[in-house]
Amino acid sequence: MPEQSDQLINFGAQDAADGLKKPLFGLDAETLSKLLAEAGEPAFRGRQIAEAIYRQWVSEIYEMNALPLSLRAKFAAQGWRVGRPVIAHTFKSSDGTERYLIDFEEPDTKGKTAEAVWMPEGDGGDAGDEAESAPEGVRAWSRATICVSSQIGCAVNCQFCLTAQLGLQRNLTAGEIAGQVVAVLARQSARVGRDRVNLVFMGMGEPFLNYDNFMAAVRLLVREVGLSPRRMTVSTSGIVPGILRFASEPPDVRPRLAISLNAPNDAIRAEVMPINRKWPIAEVIEAVRRVPLRPRERITFEYVLLGGVTDRPEQAREVARLVRGTGLPAKVNLIAWNPGPGIDYAMPASEAVTAFHERLKGEGIAATIRQPRGRDIFAACGQLKRTVEG
Ligand code: SAH
Ligand code: SF4
């Protein structure tokens with residue numbers, strides 16, 4: 001459409017002349033309505049904008065077809081833009097997993113990317129043990145999991161994790177966190193409400209050290225994008241004040257909770273996760289106990305198996321005792337350690353993984369093994385690091 005491309009050129013020029021860049025993505029419908037009302041426009045225009053960015057996934061103001069062209073032009077001239085994060089680079093794994101470098105366009109961190117991962121037939125943080133056969137039809141996937149980042153880098157310093165090597169570069173805003181999800185949904189032409197898409201906050205960063213932005217992103221994803229919090233899982237390394245705040249979130253916007261346990265006791269945990277010195281296992285469990293669970297909801301304990309360090313048979317029994325002792329409805333999700341350059345741990349032998357799993361089950365603990373996804377493109381757990389080397 002020639003008219004639209006003219007507008008595109010105009011918008012770009014006015015944008016640049018103004019110099020101001022104000023992202024709409026991240027503002028909820030209510031805030032957008034207020035903004036519009038303040039600008040002397042009818043408030044319902046705000047809801048139309050929310051509809052365009054969160055439901056139709058437009059990435060440019062000129063694509064907001066419900067708005068009069070004059071209003072779109074005015075907005076763009078004032079420096080507003082959709083401001084959704086951009087997928088700057090895609091790595092494709094042989095197993096169908098895709099890893100995305102996400103660029104945020106924020107002037108001072110331009111070029112500093114975070115990462116998101118798309119896992120068709122992904123397991124939502126659980127093991128892929130209940131795989132359903134794809135329904136007849138055109139779709140190559142019947143369900144999928146999206147993994148997003150909450151920070152660029154991470155300050156927590158777990159010894160086995162590649163992201164830790166970056167240190168904390170910065171917190172992501174709510175719009176940047178939710179925007180990764182929408183960018184990936186749009187890339188995959190997913191249909192919200194029809195496709196089984198799970199979301200895990202298990203990418204770069206510690207969500208509970210960026211609590212306000214993380215929860216604001218969840219609210220956007222639930223209320224504006226239309227995703228269910230029961231299909232979302234947030235993983236924390238055990239930030240006690242964050243868990244306590246999480247416990248008081250209303251259930252209609254509270255994702256499921258996963259705790260990175262990763263060791264059978266405080267001594268080993270403090271070695272592999274120095275954060276344990278601040279918040280030891282008992283304190284973490286005490287905080288988790290405050291989270292009011294929904295019917296059938298369980299807490300996930302993630303457990304990274306480090307060869308020779310946390311994968312020994314007697315440690316499986318210790319983990320079983322620990323988990324049983326919490327009295328919580330819980331399951332253990334075993335993750336074989338994924339290697340990364342400069343990290344001095346060993347992958348567990350596959351027999352050790354199986355034996356650990358069997359032993360937990362033998363002790364009456366619900367346990368699954370998380371299949372590594374996209375190891376060949378450094379997309380698997382703990383392999384996310386700002387890199388284009390793949
Ligand atoms: N920062 C949060 C969420 C992101 S990490 C947290 O730590 O919980 C998501 C999961 O990947 C965590 O359970 C973490 O222990 C695990 N992980 C980190 N590095 C890993 C690696 N190299 N191999 C396997 N799992 C890893
Ligand atoms: Fe941060 Fe999680 Fe990696 Fe630990 S495992 S350094 S908390 S991203």
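Biologist: N262 lies in the loop between β11 (256–260) and α8 (266–272). Why does N262 count as buried?

Modeller: Buried means under 20% relative accessible area, exposed means over 50%, and partly exposed is in between, using a 1.4 Å probe and protein chains only. N262 is at 3% relative accessibility, so N262 counts as buried. A word about the model: it is predicted, so local features need pLDDT of at least 70 and side-chain atom pairs count only at pLDDT 80 or more, while totals for chains, interfaces and linings use all residues. Residues are numbered from 1 along each chain as its sequence is written, chains are lettered from A and ligands numbered from 1 in the order in which they are written, and side-chain values use heavy atoms, leaving out hydrogens and water.

Biologist: Thanks! And what makes N157 partly exposed?

Modeller: Its relative accessible area is 40%, so N157 falls between the two cut-offs. N157 sits in the loop between β7 (151–153) and β8 (168–171).

Biologist: What is the sign of phi in N157, and in N262?

Modeller: Phi is positive, about 70°, in N157, which is not a glycine. In N262, also a residue other than glycine, phi is near 65°, again a positive value.

Biologist: Let's turn to helices. Why is α5 called oblique to α6?

Modeller: Two packed helices are described by the angle between their axes and the distance between the axes. Here, the axes of α5 (residues 174–187) and α6 (residues 211–225) come within 7 Å and cross at roughly 45°. Angles under 35 degrees count as roughly parallel, over 145 as roughly antiparallel, 65 to 115 as roughly perpendicular and the rest as oblique. The crossing angle belongs to "the rest", which makes α5 oblique to α6.

Biologist: How do you know which residues of α5 and α6 meet?

Modeller: Contact means heavy atoms within 4.5 Å. Among the residues that meet are I177 and V181 in α5, and F214 and L220 in α6.

Biologist: How many residues of that contact are nonpolar, polar or charged?

Modeller: The contact has 12 nonpolar, 1 polar and no charged residues. Ala, Val, Leu, Ile, Met, Phe, Trp, Tyr, Cys and Pro count as nonpolar, Asp, Glu, Lys and Arg as charged, and the others, Gly among them, as polar.

Biologist: How many helices and strands does the whole protein chain have?

Modeller: There are 11 helices and 14 strands. Helices (H or I, at least four residues) and strands (E, at least two) are DSSP runs, numbered from the N terminus. Of the 390 residues in the protein chain, 54% are buried.

Technical notes
Axes are lines fitted to C-alpha atoms, for helices over the stretch in contact, and angles run from 0 to 180 degrees between N-to-C directions.
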